[in-house]
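Please work through the exercises below with the sequence and the model open side by side. Each task is followed by a solution in steps.

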Amino acid sequence: MKVPLLDLVRQYRIIKGEIDPAIAGVVETQYFKLGPKVAAFEERVAEYCGTKRAVGCASGTDALLLALMAWGVGEGDEVITTPYTFFATGGSIWRAGAVPVYVDIDAATYNIDPAKIEAAITEKTKAIMPVHLFGQCADMDPINEIAKRHGLVVIEDAAQAIGSEYKGRRAGSLADVGCFSFFPSKNLGGYGDGGMLTTDDEKLADLLISLREHGQSELYHHWTIGMNSRLDALQAAVLDVKMNHLDEWSDGRSRNADYYNERFKDTEIVTPFKMDGARHIYNQYVIRVPDRDGLKEHLKANDVGCAIYYPLSLHLQKCFAKLGYKEGDLPESERASKETLSLPIFSLLTEEERDYVASTVLAYVAGNVR
Ligand SMILES: *Cc1c(COP(=O)(O)O)cnc(C)c1O
């Protein structure tokens, strides 16, 4: 049996009857740039996340950059974030002109450890950018409390976490601004790139609307310099259809996670830790094992799709060498990058497939095939 890490064709076959006319609808109206489809989808995301406003943009990376620009974060500023994340988190801080300051993660949740944030604050610190990694929210109460005490802005990197909940509230509504990605492999993924910002701050939302179109106040009149970063109307049409299924698909991922957790219990496999009262949407199902690389080879040899998120912490990336970090500086992040592996978790996985995935993992871990 061959099990892919993710299969979006199965999903398309189910929603083809909704998707195809939605795409044709955009083409027929010629509303390619913003327009009613994008506006309607923005409103829907705001409602889903529980914020007053949502502003579409071209990608999750741009959402992060736009949020930093909107808060005036740039040259001479520092932004505290996690090193154990997709590159865009640190990259967007650098591109804004600021310096990323990496704070180690909590070994259980893989999210930034709030207890280590305060020691990293300096007079240059402007913002904290926690990531809701793999689909579980960072521990936002202590993060917001620290930010409030020091007058810092909090920007959620919620790229992997649409629909994820923290103490009854949704990702994107837990700080000053939330940043989402609609990259195809996210729980809500388009057929290309897309992104969104969510906020309760009306003024900030209006500013983002200006920044995403070259800082214009009215057409061809520019009060500042922004970007070209709009949410494509074709993507909005696709995403609007997929939104009808988002919770059902995220719940399916969660059921698959429960299944694996049961199969892997009482073994050396560390299954994902779920915080009390959280809704984890399992954008990734990530296990921790001592011999990660061996398990990965074994899964590959047996046609089980898997991936390493992420093999190298951001503080050790070549492009950040000038920041002066060295190996051993952020040990939990470095250990996670050596011990974790992501398994197939998408909702349309069949029962036979997930049994095969679990059995193949267990055969290796039990030493039967080593
Ligand atoms: C996917 C992702 C991004 C970037 O989103 P794009 O839409 O690919 O630009 C940023 N941060 C995290 C944590 C992500 O997973």
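The exercises that follow treat a strand, a pair of domains and a helix in turn.

The model is predicted, so local features need pLDDT of at least 70 and side-chain atom pairs count only at pLDDT 80 or more, while totals for chains, interfaces and linings use all residues. Residues are numbered from 1 along each chain as its sequence is written, and side-chain values use heavy atoms, with hydrogens and water left out.

**Exercise 1.** Determine how strand β4 is placed with respect to β2 and β5.

Step 1. Helices (H or I, at least four residues) and strands (E, at least two) are DSSP runs numbered from the N terminus, and two strands pair if DSSP finds at least two bridges between them.

Step 2. Strand β2, residues 78–81, runs parallel to β4 and is joined to it by four bridges; here isoleucine 80 stands opposite isoleucine 128 of β4.

Step 3. Strand β5, residues 153–157, also pairs with β4 in the parallel sense, over two bridges, and valine 153 in β5 is the bridge partner of alanine 127.

Step 4. Together with helix α5 (residues 140–150), β4 and β5 make a right-handed β-α-β unit, where right-handed means that, with the strands pointing away from the viewer, the path from the first strand over the helix to the second runs clockwise.

Step 5. Four of the five residues of β4 (residues 125–129) are buried, so the strand is largely enclosed by the rest of the structure; buried means under 20% relative accessible area, with exposed over 50% and partly exposed in between (1.4 Å probe, protein chains only).

**Exercise 2.** Describe the interface between the two domains.

Step 1. The domain assignment, automatic or from a database, gives domain 1 as 8–243 and domain 2 as 246–365.

Step 2. Their centres, taken over C-alpha atoms, are separated by 24 Å, and the contact (heavy atoms within 4.5 Å) takes 46 residues from domain 1 and 41 residues from domain 2.

Step 3. The domains bury about 3800 Å² between them, 61% of it on carbon and sulfur atoms, this being the accessible area (1.4 Å probe) that two parts lose on being put together, summed over both.

Step 4. On the side of domain 1, Tyr102, Phe134 and Asn187 lose the most area to domain 2, together 19% of what that side buries.

**Exercise 3.** Establish how helix α7 is enclosed.

Step 1. Ten of the eleven residues of α7 (residues 233–243) are buried, so the helix is largely enclosed by the rest of the structure.

Step 2. The cover over these buried residues includes α1 (8–29), α2 (35–49) and α8 (246–264).
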